[in-house]
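This report examines a structure through its residues, helices, strands and chain contacts. Please keep the sequence and the structure in view while reading.

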Amino acid sequence: MTPTLQVVLIVSAALFSTGLLAALSRRHAIFILIGIEMMLGAANLNFIAFWRFSPQSQPPTGIMIAIFSIAIAAAEAAVGLALVIAVYRHYRTTNVDRLNQLKG
Amino acid sequence: MSSIAFVLIAVLTLAAALAAATLQKLMHATLSFALTFVGVAALFFLLGAEFVGLALIFVYIGAVAVLVVFTILLTRRDVEKDRGANWGGTFLAVAMFGGLTWAILKTQSVAIAAPHIRALTVRRIGETLMTSYVWPLQCIGLLLTAALIGALVLVMEEKR
Amino acid sequence: MSWIIDHLWLIPAVPFAASLAILSLPNGRHRGAAALAIAGQIAALVLSFFAFLPTLQVSGFRAVQNFTWFTFGDHALRLGWVLDPLAAVMLTMITLVGLCIFIFSTGYMIGDKNFVRFFAYLSFFSGAMLGLVISNSLLLLFICWELVGLASYLLIGFWIERPSAAAAAKKAFITTRIGDMGFFLGLLWLYGRSGTLLFYDGGNGCLESAGLAMLGASAMSIALLIFCGAVGKSGQFPLHVWLPDAMEGPTPVSALIHAATMVAAGVFLVARVYPIFSLGAIDGVTSSLTVVVWIGVTTALMAALIAIAQADIKRILAYSTVSQLGLMMVSLGVGGVAAGMMHLLAHGFFKALLFLGAGSVIHGCHHEQDIRKMGGLRRLMPVTFLTYAIGMMALSGVPLFFSGGWTKEEILHVTAHWAPSRLPYYFLLAGVVLTALYMTRQIIYVFFGNRRAASEHAHESPRVMTMPLIVLASCAILFSVVLTPAWPWLHGYLTDEPAHLEFARLIQPALFLSLVLVGAGVALGIWMYRKAGTQDRQRPADTDPLEFAQPQLFRFLENKMWIDELYARTVIAFSWMSARLSDWMDRHFWDGLVRGVGTMGRLFGTFTASVDERGINPGVDETTVGTRGLGRLMSAAHSGQIQTYLGIIAIGALALLLFYAWLA
């Protein structure tokens, strides 16, 4: 079957949910970041899908958004990983359950 | 595009993603993560956005996954293993998937087939970046610079 | 001459100043006090003499000096003084009699601790009385009237350690107050009708034709109200009850105030405002004057009857005064204003003489006042006896040499010609007989017969006391010179008629009648009382002959016809009841109301306090607890767990998504 936009979107939704699962259930701080990257990837997929299935117009906005999104994701991953290392240095743990100093 | 290829690639991607979310061993999970993005890049290729797919491979697998491996190695003392999914998270993820699917299926306007398009050249991407999207491009440059500096500052050893 | 008229106010002012000066002396300065008082009185006498002179020159003399006291809005309150024959003779009489009494007092009050205070009060009284006489305004007269009443109160109750004296002073003040209330109402009414209280004001005064015309029909009521004051002050029936009790004061006080001057103020008042009384007179008769006549007659007769049964030497004289004042009122009422005033002047002299004589007797008998315990003082106190006898003859009305006889004659004459009725005339004739009777009784008891208890150690009084007696006795005799019908100078002076010397007028049928009556009275007295004070057949020594003969009548008269008891049962009892009712009301009713309001306030306060304690405070407390709980609840949401936060965000996003999807 030719994949309709709906199918692609559903795949993207599944990827998104999986990313959410990873972010919510992992204990290690890194894996929350991994989950977020997966969610971002799913969003990129969405954009590209919509670009593909829509009447083309100058400029190719979907592509542009995806490119920028990748760039941002990279920057964010860098900073996030630096944060994890800094936190590890200070608290000697990457277990988010134990990183609850902001408890009110 | 071919639907069989699509299905296969989709299944691969989702399996890898699930593996990344649930595997206990950290390294295995990281490598699954990389695999997920391979699948996503393949999907991009299928959808005709080759340049973006390549950029995805370069950035995510080339940079982010490697960074994650480095970080795991640098913060090794705590755990080798990590727990898998828990009930709350699973439920929420399933609910999210269910909700999204319902929304998608409900919308008739997205039940369309792929139209014929002109192939998107890199030249065109470049032209667009430099003309319509030049300001966002500059901002992204600034952002990347700031992220770089920020990351460095964060991990810098404090002067004693 | 006009100097004295401009400075007429000096005449009362000098004794007032003397009184103030005496009050500033310490208690032991007897001589200084007496000297100041007598000096003040002499000065007043000299000034009165100077005031008297100009009035002789012109007939119908009247000099007036008015001034404004204060103004309020459009109205001004004006006072003033007047000098006319009426005022001039009163001034002279008061100062002269006063001087004699002051000198007498220096002897009588010797040894009294409160000597200084006595003379201060005497001077004060003198000033007030003189002010009363010269005042040209009814208000100023009323002011001096009240001051005189105050002096009387202070002097009656002079011996403050005696409860009877204090009670008598209170009785005098309250009884005269009742009269004064009528006086004040009349004063207000007069002011309301005529717009002025000045007697003479260049034609606008209330006694002049313009003022009188504004009174109209209210003249009778105003006159009667003013007469109430006179009834109180002059001891007329029914307000006579205070005068006999006033004898509790020292004898000079009785002489000055309750014989010569203060009680005469009532008669003087009626003479002063006579134009109001006689407004609209037909044949010289108006309703108000008729009332005056009948009250006067009743008083004269009643008092004379009571005097016969009294045993206290001063009480007899007190009732005699009341009776004579009644006589004067009758005279004024029937139109004989001049006759009444002449009798007033003569009475002033001889009554003062009699009282001072009684004082001399009391002093000589070491303060014994019961006549039944005296006797045979004729030999022991000759000067006193002689002067007393002169006074008695003047009072009884023995004609020819004694002033009282001529004036009484004059009064009987005018009363006989009173149009409405001859009854007053007959009553007055009876009064003449009674007067002679009780005076004879008194003289026999005191001066004749055997010596009884108190007269054992009696002695004549010192010269300082007998001199004034002699002076007054001489006045009593010499006064008759200007009173005789042969040369009615005083009458002419008072009524603006020319007076000619005519010896023929000495012989009149009425004169013989009064001679007969007086003789009859004296003879009756001698016959009844010749054996008074001694055992006589079945009558024991100390029983009065009349008491033996007619015990019930005697008892009735002795107890002052039970009038005091009547008042005690009615007026005073009513007053007591009202006072007790008011007290009860105040104590229970009004106090209860006030306490009730207070209790309500207190209840309200308690209620508010309890609401605050139980309602508001816990409410506030609960609110704070609740807020804290809520805060604790809300802070539970801040778990610090990142994945929890993320989960919540995811739920929120899902919900939003579903919502938009559903909308679409």
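In this predicted model, Phe33(B) is in contact with Ile34(A), Ala20(B) and Ala65(B), once its neighbours within four places in sequence are left aside. Phe33(B) belongs to helix H2 of chain B, which covers residues 26–46. Ala20(B) lies 13 residues from Phe33(B) in sequence, and the C-alpha atoms of the two are 5.3 Å apart in space. Is Phe33(B) buried or exposed? Phe33(B) has 30 other C-beta atoms within 10 Å, and the cut-off for a buried residue is 20 or more; Phe33(B) is therefore buried.

The chain that holds this residue, chain B, contains 6 helices and 0 strands. Its pattern along the sequence is α-α-α-α-α-α. Of the 160 residues in chain B, 29% are buried. Among the contacts in chain B with a separation of 6 or more, 59% are between residues 24 or more positions apart.

**Contacts between chains**

Chain A and chain B meet in a contact that takes 61 residues from chain A and 72 residues from chain B. On the side of chain A that touches chain B, the elements giving two or more residues are helix H1 (5–25), helix H2 (29–53) and helix H3 (61–91) of chain A. H3(A) provides the largest share of that side, with 20 residues.

Chain A also has a contact with chain C, in which 10 residues of chain C touch 11 residues of chain A. On the side of chain C that touches chain A, the largest share is 5 residues, and it comes from helix H27 (residues 642–663) of chain C. The table sets out the residue classes for one side of each contact.

| Side of the contact | Nonpolar | Polar | Charged |
|---|---|---|---|
| Chain A, touching chain B | 45 residues | 12 residues | 4 residues |
| Chain C, touching chain A | 3 residues | 7 residues | no residues |

**Helices of chain C**

Two helices of chain C may be considered in turn. Helix H21 (residues 463–478) of chain C has 16 residues and reaches 22 Å from its first C-alpha to its last, close to the 22 Å expected at 1.5 Å a residue. Which residues of H21(C) are buried? They are Met465(C), Thr466(C), Pro468(C), Leu469(C), Val471(C), Leu472(C), Ala473(C), Cys475(C) and Ala476(C). The buried residues of H21(C) pack against four elements of chain C, namely helix H4 (85–108), helix H16 (337–364), helix H18 (382–396) and helix H19 (403–416).

Helix H26 of chain C runs over residues 563–635. With 73 residues at 1.5 Å a residue, H26(C) should span 108 Å, and the 102 Å between its end C-alpha atoms agrees with this value. At Asp586(C), H26(C) bends by about 35 degrees. H26(C) is hardly covered, for the count of buried residues among its 73 residues is 0.

**A hairpin in chain C**

Chain C also contains a pair of strands. Strand E1 (residues 63–72) and strand E2 (residues 75–83) of chain C pair in the antiparallel sense over 9 bridges. Within this pairing, Thr68(C) stands opposite Arg78(C) in E2(C). The hairpin of E1(C) and E2(C) has 2 residues between the strands, and Gly73(C) takes a positive phi near 65 degrees there.

Key: Residues are numbered from 1 along each chain as its sequence is written. Chains are lettered from A and ligands numbered from 1 in the order in which they are written. This is a predicted model: local features need pLDDT of at least 70, side-chain atom pairs count only at pLDDT 80 or more; totals for chains, interfaces and linings use all residues. Two residues are in contact if their C-beta atoms, placed from the backbone, lie within 7 Å. Ala, Val, Leu, Ile, Met, Phe, Trp, Tyr, Cys and Pro count as nonpolar, Asp, Glu, Lys and Arg as charged, and the others, Gly among them, as polar. The expected span of a helix is 1.5 Å times one less than its number of residues. A residue is buried if 20 or more other C-beta atoms lie within 10 Å of its own, exposed if 12 or fewer, and partly exposed in between; C-beta atoms are placed from the backbone. The bend at a residue is the angle between axes fitted to the seven residues ending there and the seven starting there. Two strands pair if DSSP finds at least two bridges between them.
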